[in-house]
Amino acid sequence: MQTARPRPWFVINTASAKVAKKGALLPTIAKAHNAVLRDVGDFSDVDTLVRDALAANAQHIVIEGGDGTVQGVLTEFLRQEKACNLPIFTLVPGGNTNQVARNVGLSGATAQAVKTALHQDTIVTAPLLRIKDKAGRKYYGFLFSSGALPQVTDYTKDKLHDRGIGGSMAVIGGILKGATGTSSITSPTTVKLNIKAGNTHKLRGPHLGTIVTTLPGLILKLDPFWGEGDRPLRVTYVAGEYHKLVRHVASLWLGNKSKDRSEDGMYSWTADGLRYRYAGPCVLDGELLELTKGFKIRATQPIRFAT
């Protein structure tokens with residue numbers, strides 16, 4: 001007797017920007033795929049949702065929402081289960097920037113794209129960042145920042161999104177506003193940071209910010225990393241005393257990854273791990289984190305995404 005194939009799970013966030021504005025795709029196609037449909041809501045019962053999916057032996061989870069939704073759902077799966085035992089995920093863009101979906105998800109929210117992904121013909125693998133603080137709390141995601149970028153994130157949400165400017169253009173607008181060097185929305189914050197990148201690089205004092213990711217690319221081909229090597233983390237550090245930031249951002253936008261920027265206070269590595277002593281703002285995939293002053297970042301084992 002043939003065993004019935006486990007049903008796919010469709011997880012939506014009706015509060016995500018695009019979903020809230022245009023409606024969700026997954027509820028309209030759930031019946032056609034015999035899918036379990038769940039709304040993550042305010043994330044108050046995301047632990048129960050994940051526990052139910054694992055207990056049902058779900059083999060494919062489709063998530064419709066923005067970067068914050070993806071981060072919140074994947075964090076709970078990784079808190080409850082090892083990466084090597086997780087189901088396959090498919091990410092349907094439903095937020096403002098959808099940076100994660102652009103890299104390891106679907107290019108558009110269409111019924112045909114979901115149908116194709118459920119056949120699992122194209123599987124990509126990617127590790128996540130694992131952030132653990134001294135209180136033992138663990139967070140998982142793809143793009144972490146400290147210092148100025150969390151300040152820019154606040155500006156983007158409070159000012160640009162409120163004006164109706166969304167998506168990548170809002171993020172770029174915030175970056176350009178914060179990168180002028182005279183902006184009132186960014187200010188250096190003090191950090192003690194050890195970066196394990198072959199040797200251990202010890203950085204101390206004011207910094208404009210750090211960016212850490214496992215993604216192969218960022219929005220609109222702006223990829224501010226130029227460190228060499230095949231370590232899982234890509235890291236860029238900008239010192240509090242920096243120069244020509246806008247010029248360097250433009251150069252990176254044009255793909256110039258060979259330039260040494262250390263004289264202007266900008267550094268980049270591939271790394272195996274980072275250790276912070278830092279009490280300033282932190283953001284993971286667009287969501288502010290509350291961390292203890294000391295925390296560590298490393299990469300998980302790769303997990304599978306169907307696209």
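Which residues does Asn 98 touch, not counting residues up to four places away in sequence? Keep that in mind while you get oriented; the tour returns to Asn 98 shortly.

**Whole chain**

Start with everything displayed. This is a predicted model. The secondary structure comes to nine helices and 17 strands. Colour by burial: of the 307 residues, 53% count as buried. Now show the surface. The protein exposes about 14700 Å², and carbon and sulfur atoms supply 49% of that area. Turn on contacts with a separation of 6 or more: residues 24 or more positions apart account for 73% of them.

**Stop 1: Asn 98**

Select Asn 98. Its place is the loop between β4 (88–93) and α5 (99–104). Is Asn 98 buried or exposed? Its relative accessible area is 10%, and the cut-off for buried is under 20%, so Asn 98 counts as buried. Now show its surroundings. Asn 98 touches Gly 65, Gly 66, Asp 67 and Pro 93, leaving out residues up to four places away in sequence. Then add Gly 95. A polar atom of the Asn 98 side chain lies 2.7 Å from the backbone nitrogen of Gly 95.

**Stop 2: helix α4**

Asp 67, one of the residues touched by Asn 98, leads to the next selection. Select α4 (67–80). This helix is mostly covered, with 12 of its 14 residues buried. Among the buried ones are Asp 67, Val 70, Val 73, Leu 74, Phe 77 and Leu 78. Polar side chains are on the buried list too, including Thr 69, Gln 71, Thr 75 and Glu 76. Put a distance between the end C-alpha atoms of α4: they are 20 Å apart. At 1.5 Å a residue, the 14 residues should span 20 Å, so the two values agree.

**Stop 3: helix α3**

Add α3, residues 46–55. Show side chains for Val 46, Leu 49, Val 50 and Ala 53, which are buried. Now look down the axis of α3. The buried residues fall within an arc of 95°, so they line one face of the helix. What covers them? The cover includes β1 (9–12), β2 (36–39), β3 (60–65) and α4. Before leaving, step just past the end of α3 to Asn 57, which takes a positive phi of about 60°.

**Stop 4: strand β11**

Jump to β11, residues 233–239. Seven of its seven residues are buried, so the strand is largely enclosed by the rest of the structure. In a regular strand the side chains alternate between the two faces of the sheet. Check both faces here. Leu 233, Val 235, Tyr 237 and Ala 239 are buried on one side. Arg 234, Thr 236 and Val 238 are buried on the other.

Next, add the partners of β11. Strand β10 (199–213) pairs with β11 in the antiparallel sense over six bridges. To find one of these pairings, select Gly 209 and its bridge partner Val 238. Strand β12 (266–271) also runs antiparallel to β11, and six bridges join the two. Here, select Tyr 237 with its bridge partner Tyr 267.

**Stop 5: Ser 251**

Finish in helix α9, residues 245–253, and select Ser 251. Is Ser 251 buried or exposed? At 15% relative accessibility, Ser 251 counts as buried. Show what lies around this serine. Leaving aside neighbours within four places in sequence, Ser 251 is in contact with Asn 256 and Arg 261.

Methods
Residues are numbered from 1 along each chain as its sequence is written. This is a predicted model: local features need pLDDT of at least 70, side-chain atom pairs count only at pLDDT 80 or more; totals for chains, interfaces and linings use all residues. Side-chain values use heavy atoms; hydrogens and water are left out. Helices (H or I, at least four residues) and strands (E, at least two) are DSSP runs, numbered from the N terminus. Buried means under 20% relative accessible area, exposed over 50%, partly exposed in between (1.4 Å probe, protein chains only). A polar contact is a pair of N or O atoms within 3.5 Å; within protein, one must be able to donate a hydrogen and the other to accept it, and residues adjacent in sequence count only if both atoms are side-chain atoms. Contact means heavy atoms within 4.5 Å. The arc is that of the directions from the helix axis to the C-beta atoms. Accessible areas come from the Shrake-Rupley method with a 1.4 Å probe; for residues, only the protein chains shown count as cover. The expected span of a helix is 1.5 Å times one less than its number of residues. Two strands pair if DSSP finds at least two bridges between them.
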